[in-house]
Amino acid sequence: GADVPRLDPATSIDRSGAPGSLAELEAREITAWFGDHKVLDRVSLTMPAGGITALIGPSGCGKSTFLRILNRMHELVPSAQLAGEVLLDGEDIYDPGKRLIDARRAIGMVFQKPNPFPAMSIRENVLAGLKLTGTRMPRGDKDDLVESCLVKGGLWNEVKDRLDAPGGGLSGGQQQRLCIARSLAIRPRVLLMDEPCSALDPTSTRVIEETMLELAREVTIVIVTHNMQQAARVSDQCAFFLASQGQPGVIVEHGNTEAMFQSPQDSRTYDYVNGRF
Ligand code: ADP
Ligand code: MG
């Protein structure tokens with residue numbers, strides 16, 4: 001975005017492989033089915049470390065399915081099948097030797113509808129992931145973690161005086177930022193966001209976009225958005241998904257966001273980014 005300073009990711013890349021360090025995510029030849037219905041066909045995409053990749057395209061072309069494949073949520077659907085590989089810094093998260101919990105911990109997800117635990121306090125919401133992953137830490141460290149995650153989520157100033165208030169009492173935009181803070185607490189290396197602003201007002205949307213631009217210093221971000229202005233404002237790279245009449249979804253075109261918006265190579269991309277379908 002024009003008025004949001006971007007940091008050159010190369011200057012801040014920690015590639016140690018430790019929780020919280022930057023990682024590249026690469027999908028290779030992803031084909032996905034629900035029962036007999038093939039919904040993605042050999043989709044490959046590299047999502048660079050410390051970059052923001054936007055997935056765009058009409059409804060039903062498989063963007064959410066692709067995103068869920070990136071952190072092994074696709075397999076939660078009983079009829080779901082999958083071929084292909086997802087490499088996190090070169091290692092396939094679907095390798096039989098890899099644990100599901102490690103993939104989910106390293107690759108967080110934020111959904112369209114903010115889903116904090118409404119009765120839990122703001123503080124408990126941020127710490128909820130630690131319980132799930134069985135991570136123990138002293139009280140003081142927890143306080144520091146709550147603060148740093150809420151700062152990164154762009155919510156700290158608004159809630160620092162009421163950390164014990166219920167998460168459900170926050171506005172929609174604040175709840176979404178709480179969900180971002182919650183996903184950051186387990187120090188993911190990648191954050192997947194499925195239309196994170198489509199349920200929010202323009203002001204909250206703007207705050208979350210700024211939060212994303214800051215976060216990309218330490219987390220690789222993949223966002224699904226129907227908002228072309230948003231894709232243009234936040235993403236470095238764009239991938240245009242399309243499923244033609246009864247066909248599975250494919251990536252028609254991908255590349256540098258500015259180039260894709262200004263001089264798309266495919267006429268279907270041109271039509272889509274110009275609001276023609
Ligand atoms: P998008 O996010 O681009 O709108 P989706 O990934 O949600 O697309 O859906 C892609 C295709 O997969 C659609 O045809 C949709 O109906 C189908 N689909 C998605 N989720 C399921 C599911 N749980 N069971 C069966 N079909 C599904
Ligand atoms: Mg979707």
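Helices and strands here are DSSP runs, with at least four residues for a helix and at least two for a strand, and they are numbered from the N terminus. With that in hand, let us walk through this predicted model.

A good place to begin is with confidence. The chain has a mean pLDDT of 92, and 95% of its residues reach 70 or more. Residues 1-5 are another matter: their pLDDT is below 50, and this stretch has six contacts in the model beyond near neighbours in sequence. Where pLDDT is low, the predicted coordinates should not be read in detail. As for the overall scores, the model has an ipTM of 0.99 and a pTM of 0.93.

Now find helix H1, which spans residues 63-70. This helix is mostly covered, with seven of its eight residues buried. The buried ones are Lys-63, Ser-64, Thr-65, Phe-66, Leu-67, Ile-69 and Leu-70. Pause at Phe-66, which belongs to H1. Phe-66 counts as buried because it has 26 C-beta neighbours inside 10 Å, where 20 or more are needed. Setting aside neighbours within four places in sequence, Phe-66 is in contact with Ile-30, Leu-40, Val-43 and Leu-55. One of these partners, Leu-40, is 26 residues away from Phe-66 along the chain, yet their C-alpha atoms are separated by 7.7 Å. After H1 comes Arg-72, whose phi is positive, near 65 degrees.

From H1 we can move on to the core. The largest nonpolar core has 73 residues. The residues with the most contacts inside this core are Leu-55, Leu-70, Ala-181, Val-190, Leu-192, Ile-221 and Val-222. Val-222 is a handy one to follow. Leaving out neighbours within four places in sequence, Val-222 is in contact with Met-47, Thr-53, Leu-55, Leu-67, Leu-70, Val-190 and Leu-192.

Next, look at the loops. Glu-195 sits in the loop between strand S7 (190-194) and helix H7 (202-215). Its phi is near 50 degrees, a positive value in a residue other than glycine. Is Glu-195 buried or exposed? Glu-195 is buried, because 21 other C-beta atoms lie within 10 Å. Another loop, between strand S8 (220-224) and helix H8 (228-234), holds Thr-225. With 25 other C-beta atoms within 10 Å, Thr-225 is buried. These two loop residues meet: the C-alpha atoms of Thr-225 and Glu-195 are separated by 4.9 Å, although their positions lie 30 residues apart along the chain. Beyond its neighbours within four places in sequence, Thr-225 is in contact with Ala-54, Ile-56, Glu-195, Gln-230 and Ala-231.

Arg-42 also has a positive phi, of about 45 degrees, although it is not a glycine. Arg-42 is found in strand S2, residues 37-47. Here 13 other C-beta atoms lie within 10 Å, so Arg-42 is partly exposed.

Two helices are worth viewing as a pair. The axes of H3 (residues 122-133) and H4 (residues 139-152) come within 10 Å and cross at roughly 95 degrees. H3 and H4 are therefore roughly perpendicular to each other. On the H3 side, the contact is made by Arg-123, Val-126 and Leu-127, and on the H4 side by Lys-142, Val-146, Cys-149 and Leu-150. Of the residues in this contact, five are nonpolar, two are charged and none is polar.

Our last stop joins a strand and a helix. Val-252 lies in strand S10, residues 250-256, and Thr-269 lies in helix H10, residues 267-273. Which residues does Val-252 contact, leaving aside its neighbours within four places in sequence? They are Phe-240, Leu-242, Asp-266, Arg-268 and Thr-269. By the same rule, Thr-269 is in contact with Phe-240, Val-252, Glu-253, Met-260 and Pro-264. Val-252 has 19 C-beta neighbours inside 10 Å and so counts as partly exposed. Thr-269 counts as buried because its C-beta neighbours inside 10 Å number 22. Along the chain, Thr-269 and Ile-56 are 213 residues apart, but 9.8 Å separates their C-alpha atoms. For Val-252 and Ser-267, which are 15 residues apart along the chain, the C-alpha separation is 10.0 Å.

Note on methods. Residues are numbered from 1 along each chain as its sequence is written. Chains are lettered from A and ligands numbered from 1 in the order in which they are written. This is a predicted model: local features need pLDDT of at least 70, side-chain atom pairs count only at pLDDT 80 or more; totals for chains, interfaces and linings use all residues. pLDDT is the predictor's confidence in each residue, from 0 to 100. Two residues are in contact if their C-beta atoms, placed from the backbone, lie within 7 Å. A residue is buried if 20 or more other C-beta atoms lie within 10 Å of its own, exposed if 12 or fewer, and partly exposed in between; C-beta atoms are placed from the backbone. Axes are lines fitted to C-alpha atoms, for helices over the stretch in contact, and angles run from 0 to 180 degrees between N-to-C directions. Angles under 35 degrees count as roughly parallel, over 145 as roughly antiparallel, 65 to 115 as roughly perpendicular and the rest as oblique. Ala, Val, Leu, Ile, Met, Phe, Trp, Tyr, Cys and Pro count as nonpolar, Asp, Glu, Lys and Arg as charged, and the others, Gly among them, as polar. A nonpolar core is a set of buried Ala, Val, Leu, Ile, Met, Phe, Trp, Tyr and Cys residues joined through C-beta atoms within 7 Å.
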